[in-house]
Amino acid sequence: MKLGNDGKFLRGFYQREAKLNDEQAKLFDEIASSCDEEVAKQDAKAGAIIDEALAKNGNGKLPKGTSPPEPPAELKNLWDERNAIILRAKDRLQAAFGDQEFKRFEGFVKSNVEARMTSEPGNRQRPATPMGPRR
């Protein structure tokens, strides 16, 4: 594991910011880690299906004027299962925290985490300047 990739710093930061006690932070970490592991397995299954479909269809290179094929039906089921995994983790967290504390925590997440989320990749290459790429 690379330095800093275990998320310990961020977990500690969010524990303090979300005002979670040690027990809540431990439960959150356990539930989130378990959820992440299950989601990664689902994503790997989906990736294998996508790779197989791409291999059957010219690896994503379509002849001009043709439409892409329909995605494999299994992907819809995997997506639904993926969402169910996440919702079960949310339900487990709510049961562990209790309704009132979970509502407080959910409010923190919505206003302090979700509001700052972006779909932009974090490690994009910086734009080139007239002098060449930035270093």
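Select F13 to begin: at 32% relative accessibility, F13 counts as partly exposed, because that class lies between buried, under 20% relative accessible area, and exposed, over 50% (1.4 Å probe, protein chains only). The model on screen is predicted, so local features need pLDDT of at least 70 and side-chain atom pairs count only at pLDDT 80 or more, while totals for chains, interfaces and linings use all residues. Residues are numbered from 1 along each chain as its sequence is written, and side-chain values use heavy atoms, with hydrogens and water left out.

**Aromatic rings**

Add Y14 to the selection; Y14 is also partly exposed, at 32% relative accessibility. A pair of aromatic rings is described by the distance of the centres and the angle of the planes. Rings of Phe, Tyr and Trp (its six-membered ring) pair if their centres lie within 6.5 Å; planes under 30 degrees apart count as stacked, over 60 as edge-to-face and the rest as tilted. The count by this rule is four aromatic pairs. One of them is F13 with Y14, whose ring centres are 5.2 Å apart with planes at 70°, so the pair is edge-to-face. Next show F97 and F105, an edge-to-face pair with 5.5 Å from centre to centre and 75° between the planes. F97 is buried, with a relative accessible area of 9%, and F105 is buried at 8%. Then add F108 to F13 and Y14: ring pairs link these three into a cluster.

**Q42**

Move to Q42 in helix α2; helices (H or I, at least four residues) and strands (E, at least two) are DSSP runs, numbered from the N terminus. Q42 counts as buried, at 6% relative accessibility. With neighbours within four places in sequence left aside, Q42 is in contact with L78, E81, R82 and I85, where contact means heavy atoms within 4.5 Å. The side chains of Q42 and E81 are joined by a polar contact of 3.2 Å. A polar contact is a pair of N or O atoms within 3.5 Å; within protein, one must be able to donate a hydrogen and the other to accept it, and residues adjacent in sequence count only if both atoms are side-chain atoms. A polar atom of the Q42 side chain also lies 3.2 Å from the backbone oxygen of L78.

**R104**

Select R104 in helix α4. R104 is partly exposed, at 33% relative accessibility. Its contacts, apart from neighbours within four places in sequence, are A18, K19 and L20. The R104 side chain reaches the backbone oxygen of K19 at 3.3 Å. Measure from R104 to A18, C-alpha to C-alpha: the two are 86 residues apart in sequence and 8.8 Å apart in space.

**Pockets**

Finish with the largest pocket, which has a volume of about 1200 Å³. Of the 32 residues that line this pocket, F28, A32, L93, F105 and V109 are the closest to its centre. On a 1 Å grid over the protein atoms alone, a pocket is an open set of points where a 1.4 Å probe fits, with protein on both sides within 12 Å along at least five of seven lines; lining residues have an atom within 4 Å of a point. Grid points are joined across faces, edges and corners, and a volume is the space filled by probe spheres set on the points. Colour α2 in this lining: α2 gives the most, with 10 residues.
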